[in-house]
Amino acid sequence: MDTSRNYKNPFQDYSNSSCLTILNPEENTITNNFKILLITNTKKLLQKLEENKNDWTYHDDHSIYTGSAGIANMFQLYADYFNEPVYFSKAIELLQNCIKKFKWKREITFLTGLSGPLALGAVIFHKYGNKNDSQNAISKLISLSTHVINEHSDIPDELLYGRAGYLFSLLYINSNISPPPIESDIIKQVISSIIKSGNIYSTSRHCKSPLMYSWHDTEYLGAAHGLAGILYILLQARDYLHEGQLKNYILPALYYLQDLKYPSGNFPSSIGSNTDRLIHWCHGAPGMTMLFCLAYEIYKDKKFLETAIQCGEVIWARGLLKKGYGICHGVSGNAYTFLHLYQQTKDLKYLYRACKYAEWCFNYGVNQNRIPDRPFSLFEGLAGVIYFLIDMQQPNMAKFPAYTL
């Protein structure tokens with residue numbers, strides 16, 4: 001077990017006395033005083049981001065992950081929650097620019113590819129009456145499907161750069177526009193491509209799981225590059241899956257993955273790794289929590305919920321990362337673990353823990369040993385922390401961006 005990557009958790013754990021300034025147990029909510037703290041710090045950090053606009057608009061990164069489309073995503077959430085339409089306008093302006101200038105047309109995922117600005121833009125344009133722009137974005141997104149479902153293409157299957165990330169884009173649009181504009185046949189073809197690819201690779205490697213995937217010759221297991229992220233997106237697409245896919249491929253893959261858990265509650269980053277080091281959304285327990293909570297909802301196996309809860313314990317102990325505050329590999333991303341566990345169990349302990357991690361984020365920039373490459377971005381930097389603090393104000397509605405529909 002490697003504890004050099006995290007600060008020792010200084011917070012008292014949940015108890016009736018420790019939670020009184022933060023939670024109102026009778027109403028199962030955050031206290032007004034703590035909500036004021038959340039709002040104050042959200043607006044303070046947003047002001048810091050806007051004051052540094054030149055630092056996040058000068059480059060040509062238009063992705064959700066580290067580019068200006070991710071900041072547009074945060075602006076949309078801020079505008080929705082605080083009812084400040086000016087931030088919808090800012091989001092629309094950013095997304096129109098991203099779609100126009102995106103250079104890497106073969107990058108097809110929500111997080112790092114053109115699909116993200118297209119999907120997010122389609123939803124925001126539709127919501128604010130620009131139906132032509134919305135339909136154009138949807139048509140462009142659908143046009144990428146031919147390349148995605150081509151089994152001879154060199155596209156991987158993972159979330160960050162592969163088919164699962166494209167699938168999320170399709171599901172995101174259908175979840176946010178009514179009636180759903182993406183035909184189910186297209187979604188089913190993408191799903192079939194992902195499952196077929198994983199099964200072919202698994203068979204070739206004699207893997208005990210019916211599904212396994214490789215990226216850069218490594219069999220990753222986590223949310224960003226690995227099996228967990230792919231399974232999580234597939235489970236969110238369950239309305240488009242048939243019973244055989246759920247029972248014969250995804251369920252045994254879940255049991256296989258579950259058996260790889262370390263005694264600490266954490267997970268290895270890849271097959272063959274035996275170092276209990278990484279507590280990140282991208283690699284390790286945080287991305288697993290959401291997967292096994294959803295697996296429990298669908299399959300009703302209490303062992304899946306037990307696994308998610310064990311993930312929560314190791315993240316509470318070791319999730320205050322020295323690396324920083326980001327969503328992908330930082331404290332705010334780890335904090336979503338507790339929000340998902342709270343939503344699943346209704347146990348106030350998890351809401352309390354999320355609040356304590358939010359308190360840590362109030363002091364953004366103080367406790368970290370490195371500056372991220374994109375310090376204002378959604379997944380590496382400040383925009384992601386703001387996104388998390390907004391979600392903290394509506395904990396029953398919180399959703400990990402670009403991962404949970």
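1. Let's start with a spot that is simple to find: D217 sits in the loop that links helix 9 to helix 10 (227–236). The model here is a predicted one. D217 has a relative accessible area of 78%, so the residue is exposed. Its backbone deserves a look too, since D217 is not a glycine and still has a positive phi of about 65°. For context, most residues other than glycine have a negative phi.

2. K346 makes a good companion to that one. Look for K346 in the loop between helix 14 (331–345) and helix 15 (348–362). K346 is not a glycine either, and its phi is positive, at about 65°. Is K346 buried, partly exposed or exposed? It counts as partly exposed, because its relative accessibility is 47% and the exposed class begins over 50%.

3. While you are checking the backbone, go to S178 and P179. The peptide bond joining S178 and P179 is cis, with omega about -5°. In general, most peptide bonds are trans. P179 belongs to the loop between helix 8 (163–176) and helix 9 (184–204), so you can find the bond just by following the chain out of helix 8.

4. Now step back to the whole chain. How many helices and strands does the secondary structure come to? There are 16 helices and two strands. The radius of gyration is 20 Å, close to the 22 Å that the globule rule gives for 405 residues, so the chain is as compact as a globular protein of that length. If you want a feel for the dimensions, the C-alpha trace spans about 55 × 50 × 40 Å along its principal axes.

5. Two further figures go with that overview. Of the 405 residues in the chain, 59% are buried. And if you take the contacts between residues at least 6 apart in sequence, 68% of them join residues at least 24 apart.

6. For a buried residue, try F400, out in the segment after helix 16 (382–392). F400 has 0% relative accessibility and therefore counts as buried. Which residues is F400 in contact with, once its neighbours within four places in sequence are left aside? They are W281, M290, I327, G333, Y336, H340 and F379. As for K356, it is 44 residues from F400 in sequence, and the two C-alpha atoms are 18 Å apart in space.

7. Helix packing comes next. Two packed helices are described by the angle between their axes and the distance between the axes. For helix 3 (residues 68–82) and helix 5 (residues 115–127), the axes come within 10 Å and cross at roughly 30°. Angles under 35 degrees count as roughly parallel, and helix 3 and helix 5 are therefore roughly parallel to each other. Their crossing is left-handed. On the helix 3 side the contact is made by A69, A72, N73, Q76 and D80, and on the helix 5 side by P117, L120, V123, I124 and K127. Sorted by class, that contact has six nonpolar, two polar and two charged residues.

8. Helix 3 has another partner in helix 1 (residues 32–51). Here the axes come within 13 Å and cross at roughly 140°, and helix 1 and helix 3 are therefore oblique to each other. This crossing is left-handed. Helix 1 brings K35, I39, T42, K43, L46, L49 and E50 to the meeting, while helix 3 brings I71, M74, F75, Y78, Y81 and F82. The residues of this contact divide into nine nonpolar, one polar and three charged.

9. Two last stops, each with a distance you can check on screen. K103 is in the loop between helix 4 (85–101) and helix 5, and its 56% relative accessibility means that K103 counts as exposed. Along the chain K103 and D60 are 43 residues apart, and their C-alpha atoms are separated by 8.5 Å.

10. D55, the other stop, is in helix 2 (residues 53–57). Its relative accessibility is 42%, so D55 counts as partly exposed. How far apart are the C-alpha atoms of D55 and N369? They are separated by 21 Å, with the two positions 314 residues apart along the chain.

Terms used
Residues are numbered from 1 along each chain as its sequence is written. This is a predicted model: local features need pLDDT of at least 70, side-chain atom pairs count only at pLDDT 80 or more; totals for chains, interfaces and linings use all residues. Side-chain values use heavy atoms; hydrogens and water are left out. Axes are lines fitted to C-alpha atoms, for helices over the stretch in contact, and angles run from 0 to 180 degrees between N-to-C directions. Helices (H or I, at least four residues) and strands (E, at least two) are DSSP runs, numbered from the N terminus. Angles under 35 degrees count as roughly parallel, over 145 as roughly antiparallel, 65 to 115 as roughly perpendicular and the rest as oblique. A crossing is left-handed if the near helix is turned anticlockwise from the far one by less than a right angle, and right-handed if clockwise. Contact means heavy atoms within 4.5 Å. Ala, Val, Leu, Ile, Met, Phe, Trp, Tyr, Cys and Pro count as nonpolar, Asp, Glu, Lys and Arg as charged, and the others, Gly among them, as polar. The radius of gyration is taken over C-alpha atoms; the globule rule is 2.2 Å times the number of residues to the power 0.38. Buried means under 20% relative accessible area, exposed over 50%, partly exposed in between (1.4 Å probe, protein chains only).
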